[in-house]
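I sat down with this model to look up its empty spaces, its helix packing and a few backbone oddities. My notes follow in the order I looked.

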Amino acid sequence: MPGRQQPVPEPRPAPFAPIGRIPVVEVSPVLEDGRWPAKGTEREAFPVRATVFREGHDAVAATAVLVAPDGRDHSWARMHDVAPGLDRYEAWLVPDAPGEWGFRVEGWSDPYATWVHDARLKIDAGVDVELMLTEGALVLERAADRDLPADARAVLTDAAHALRDATRPAQARLAAGVGDDVAAVLAAHPLRDLVSPSATYPLVVHRERALFGSWYEMFPRSEGAHRDPETGRWISGTLRTAAERLPAIAEMGFDVVYLTPVHPIGSTNKKGPNNTLDAGPEDPGSPYGIGSPDGGHDAIHPDLGTFDDFDAFVARARELGMEVALDVALQASPDHPWVTEHPEWFTTRADGTIAYAENPPKKYQDIYPLNFDNDPEGIYVAIRDVLETWVRHGVTAFRVDNPHTKPLNFWQRLLGEFHERHPDVIFLAEAFTRPAMMRTLGAIGFHQSYTYFTWRTSKGEIGDYLTELATQTDARLRPSFWPTTHDILTPYMQQGGTAAFAIRAVLAATGSPTWGIYSGYELVENVARPGAEEQIDNEKYEYKQRDWSLADSLGIADLLRSLNRIRRAHPALQRLRDVHVHPTTDDATLCFSKRVPAEQSPTGREDTVIVVVSLDPYATRDGVVHLDLEALGLQHPGTDVPVMEVTDELGGETYYWNAHPYVRLDPHGRCAHVLSVRAL
């Protein structure tokens with residue numbers, strides 16, 4: 001058996017780089033000094049920030065430059081001082097296609113801004129008036145003596161002439177040199193001295209589905225499962241019967257249908273109902289206990305069908321406009337072929353037995369975790385080949401079970417290889433764990449990440465978390481919000497009834513560009529197994545026969561349909577980074593907005609959405625919302641008059657709001673407003 005010792009890489013010092021003439025430091029988004037690329041998404045704007053300064057008092061400025069995958073400069077944006085006195089500059093750039101992009105910041109001396117500052121002070125004071133006007137003319141003449149459009153050159157030349165016209169009053173000559181038309185030309189075509197570029201930092205840009213999508217999780221064996229009328233024994237659903245559910249899922253507006261593992265299930269220590277160890281002969285076992293004599297991770301459970309049936313499922317999903325995601329659980333049943341063929345891939349205990357999985361006090365006797373220190377190359381090749389099998393059969397996304405229990409260098413290598421070979425394939429990390437691990441999984445290649453949203457329930461918690469995800473971890477981690485999963489049913493969801501399911505659906509669908517639900521959400525399945533935060537009679541361990549006709553009476557399916565319709569109509573809800581939380585007078589009413597300026601919007605039009613949602617599933621709440629009009633792109637009129645027309649996309653009502661509207665929300669009627677905004 002191979003030893004557990006691995007060679008230790010030799011540390012290498014970072015290379016020295018001289019500081020620029022105009023210092024550019026503290027650039028973001030930069031991960032680990034540029035060793036790993038920051039995350040970007042096609043057509044999603046991202047902020048570039050840097051600290052730019054210089055010696056003395058001359059004006060400095062900065063430009064953010066986006067570098068295309070072919071190495072050419074794609075676009076640029078003038079950066080603006082967002083923290084006066086701290087020399088912190090910001091601009092937003094928009095990559096328009098997936099690929100390996102880059103960006104840099106160029107600091108530069110701004111001779112025109114320097115002259116404007118000095119000229120206004122001196123001419124107003126009557127000091128060196130003629131000299132300052134002459135120096136202004138020289139700056140504008142130099143600016144005009146470049147390859148500029150004819151109309152831009154004419155503006156600068158005319159202003160220079162006016163500055164030199166001694167027949168006019170000094171203030172009039174100055175006004176000509178600092179006019180709006182001159183400022184506009186030099187904003188578009190700045191005169192830049194002492195240009196000092198930063199390094200070019202990497203940015204990996206993924207396709208839009210890596211950021212925006214609605215996921216629907218299902219156990220395919222439950223769809224079509226039934227008891228034999230003669231014997232009373234369970235008959236498993238199949239991939240063919242599961243495909244019959246796809247039109248209803250698509251009609252609710254979901255983009256991705258996510259299947260829990262479809263592989264053969266072992267019989268050794270097979271789990272029975274509610275995670276017991278006394279499984280009966282007709283109990284299906286946990287689909288996470290992967291592997292039997294019928295095969296392992298690259299096989300399909302015989303009860304579900306064949307690869308032809310899987311291909312038909314994928315084809316039907318695509319016909320309906322959906323992608324198929326598959327669960328990846330890197331563990332093995334004691335009956336998995338890997339156990340007999342490669343026992344060295346597992347941990348052998350002192351008594352000679354193979355260690356099963358534990359997360360004390362939880363025990364998972366039906367699975368063996370892989371030991372990545374034993375034959376890491378063999379394990380890597382096997383897992384890579386498994387994923388390649390499913391990609392060949394049309395899987396375009398993988399939900400990875402517990403990635404935080406596997407080595408990060410394994411994930412970085414695997415995700416890097418798949419990015420090169422299959423750049424459209426998306427990996428979602430199901431890692432409910434420590435923040436550092438979650439952030440780093442995202443940084444090394446996972447496209448999306450489960451989050452703490454499921455447990456954030458108070459107004460402060462949710463507001464702070466939305467801000468954190470949008471502004472602090474956005475270059476590392478793309479969030480996916482799930483109100484429940486097949487493993488998680490929080491006390492809020494257990495106790496709040498249908499209203500809780502409605503409230504959390506609104507929060508998940510509007511708070512994150514990617515969200516998902518677990519099958520049965522439409523039926524408000526909220527009864528927990530005693531002592532556990534998961535559903536009783538859990539589908540992980542048994543078949544679940546559902547009566548979908550009951551969903552209409554509860555209203556949740558209709559809400560899901562409306563939320564997905566609204567998300568598709570509003571680019572603001574398809575983006576992560578521009579979120580603003582607005583104060584409210586009620587401690588259980590949350591208000592936040594999302595906005596995409598016209599120049600960053602895929603439609604070319606500004607889009608702003610305000611979400612006001614009650615967090616109380618029991619009682620009606622009311623209060624006043626204090627809207628930050630600047631964050632909404634609106635002007636404050638200085639009075640209490642209406643400044644916007646808002647339309648509730650959930651109900652169609654239109655209101656005229658000032659900066660401090662009153663709202664009243666009933667959890668058993670309308671628990672939220674999702675409002676599109678039009679300035680008056």
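**Pocket first**

I began with the largest pocket: β17 (357-359) and β18 (362-364) each supply at least two residues of its lining. Before going on, a reminder to myself that this is a predicted model.

How much space lies in the largest pocket? I get about 1,200 Å³. Its lining runs to 38 residues, and those closest to the pocket's centre are Asn359, Lys362, Tyr364, Asp401 and Asn402. Sorted by class, the pocket lining comes out as 15 nonpolar, ten polar and 13 charged residues.

**Closed spaces**

Next I went after cavities. Rolling a probe the size of a water molecule over the atoms shows where empty space is left. Searching the whole structure, I find five cavities of 30 Å³ or more. The largest cavity has a volume of about 110 Å³.

Which residues line the largest cavity? From the earlier part of the chain I noted Glu44, Ala45 and Trp92, among others. Ala572, Arg575, Leu576, Arg577 and Asp578 are also in the lining, and so are Arg595, Val596, Pro597 and Gln600. By class, I have six nonpolar, one polar and five charged residues around the largest cavity.

**Helices α1 and α2**

Then I turned to helix packing. Helix α1 (residues 111-125) packs on α2 at an angle of about 160°, and the axes are 10 Å apart. That angle is over 145 degrees, so I logged α1 as roughly antiparallel to α2. The crossing of these two helices is left-handed.

Who meets whom here? On the α1 side I list Pro111, Tyr112, Trp115, Asp118, Ala119, Lys122 and Ile123. Their partners in α2 are Val129, Met132, Leu133, Glu135, Gly136, Val139, Leu140 and Arg142. The α1 contact with α2 breaks down into ten nonpolar, one polar and four charged residues.

**Helices α2 and α4**

Helix α2 (residues 129-144) also packs against helix α4 (residues 170-177), this time at an angle of about 25° with axes 11 Å apart. Are α2 and α4 roughly parallel or roughly antiparallel? The angle is under 35 degrees, so they are roughly parallel to each other. I noted a left-handed crossing where α2 passes α4.

In this contact Val129, Glu130, Leu133 and Leu140 of α2 meet Ala170, Arg173, Leu174 and Gly177 of α4. I count the classes as five nonpolar, one polar and two charged.

**Helices α3 and α4**

Helix α4 has another partner to write down. The axes of helix α3 (residues 150-164) and α4 come within 8 Å and cross at roughly 165°. So α3 goes into the notebook as roughly antiparallel to α4. I have the crossing of α3 and α4 down as left-handed.

The α3 residues in this contact are Ala159, Ala162, Leu163 and Arg164, and they meet Arg173, Leu174, Ala176 and Gly177 in α4. For the α3 and α4 contact, the class split is five nonpolar, one polar and two charged residues.

**Backbone oddities**

Last, I looked through the backbone. Which residues does a cis peptide bond join? Ser28 and Pro29 are the pair, with omega about 5°. I located Pro29 in the loop between β1 (24-28) and β2 (38-41).

I also flagged Val524. Its phi is near 55°, which is a positive value in a residue other than glycine. Val524 is in the loop between β24 (514-518) and α16 (551-554).

Terms used:
Residues are numbered from 1 along each chain as its sequence is written. This is a predicted model: local features need pLDDT of at least 70, side-chain atom pairs count only at pLDDT 80 or more; totals for chains, interfaces and linings use all residues. Side-chain values use heavy atoms; hydrogens and water are left out. On a 1 Å grid over the protein atoms alone, a cavity is a set of points where a 1.4 Å probe fits but cannot get out, and a pocket is an open set with protein on both sides within 12 Å along at least five of seven lines; lining residues have an atom within 4 Å of a point. Grid points are joined across faces, edges and corners, and a volume is the space filled by probe spheres set on the points. Ala, Val, Leu, Ile, Met, Phe, Trp, Tyr, Cys and Pro count as nonpolar, Asp, Glu, Lys and Arg as charged, and the others, Gly among them, as polar. Helices (H or I, at least four residues) and strands (E, at least two) are DSSP runs, numbered from the N terminus. Axes are lines fitted to C-alpha atoms, for helices over the stretch in contact, and angles run from 0 to 180 degrees between N-to-C directions. Angles under 35 degrees count as roughly parallel, over 145 as roughly antiparallel, 65 to 115 as roughly perpendicular and the rest as oblique. A crossing is left-handed if the near helix is turned anticlockwise from the far one by less than a right angle, and right-handed if clockwise. Contact means heavy atoms within 4.5 Å.
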